[in-house]
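Work through the exercises below with the sequence and the model open. Try each task before reading its solution.

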Amino acid sequence: MEKLILFVHIPKTAGQSIFSVVNSQWNYVEYAKHDPLFLLERNNNTIGAYKFTVVRNPYRRTFSYYKHFNRINDTEYTFRQFLDIIKSDVAFPKTKMISYSQSFYCLNEMGGNGMDKIYKFENLKELENDLGVSLPHINQGNYSEYEYFNCYGSEEKQFVRDYYSSDFSSFDYTTDFI
């Protein structure tokens, strides 16, 4: 019998690559299979499932989401405008989960972290080894390091540090900009 695997897909953390190698027959209700754990538990019998997710450096994830946001919504917002959209919680149907922290996705129905394992995007090799898979590169971002570093001024860095403070602390990411 195959082990039940429940992957919680946080946007911009290699989810499409993981879904391509993990059999996922769960009932998802949010757009593009981005249900937080508590919704997956509410809509499925997850008892006995190996629950895992992938998290990413909050600075990198925010910038990657910015590039994805403009592409998928056919917009040309600046990075600062994008952060203002997050702050004001403006809804865009194709990217309605932009304001949620990564920590939010890990919450179980009791309000605690319900993950069996949390992998880091920066070390996907660990996930590949644990699951015995090889991940393809699907939906990979296409921004340059220059663009990434150039878009982050002191205000943008502070916004990400403050807004996603739970992600820095919960997943042991440094608040130093790298």
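**Exercise 1: a residue and its contacts**

Task: find what S17 is in contact with, leaving aside its neighbours within four places in sequence.

Solution. Contact means heavy atoms within 4.5 Å. By that test, S17 is in contact with L135, P136, H137 and I138. Next, place the residue: S17 lies in helix α1 (residues 15-19). Last, S17 counts as buried because its relative accessibility is 5%; buried means under 20% relative accessible area, exposed over 50%, partly exposed in between (1.4 Å probe, protein chains only).

The model is predicted: local features need pLDDT of at least 70, side-chain atom pairs count only at pLDDT 80 or more, and totals for chains, interfaces and linings use all residues. Residues are numbered from 1 along each chain as its sequence is written, and side-chain values use heavy atoms, with hydrogens and water left out.

**Exercise 2: the two sides of a helix**

Task: which residues of helix α8 (residues 154-163) are buried?

Solution. They are E156, F159 and V160. Seen down the axis of α8, these buried residues fall within an arc of 95°, so they line one face of the helix. The face turned away from them carries the exposed residues S154 and E155. The cover over the buried residues of α8 includes α3 (58-73), α4 (79-88), α7 (145-151) and α9 (165-170).

**Exercise 3: a helix pair**

Task: describe how α4 and α8 cross.

Solution. The axes of α4 and α8 come within 11 Å and cross at roughly 25°. That makes α4 roughly parallel to α8 (angles under 35 degrees).

Technical notes. Helices (H or I, at least four residues) and strands (E, at least two) are DSSP runs, numbered from the N terminus. The arc is that of the directions from the helix axis to the C-beta atoms. Axes are lines fitted to C-alpha atoms, for helices over the stretch in contact, and angles run from 0 to 180 degrees between N-to-C directions. Angles under 35 degrees count as roughly parallel, over 145 as roughly antiparallel, 65 to 115 as roughly perpendicular and the rest as oblique.
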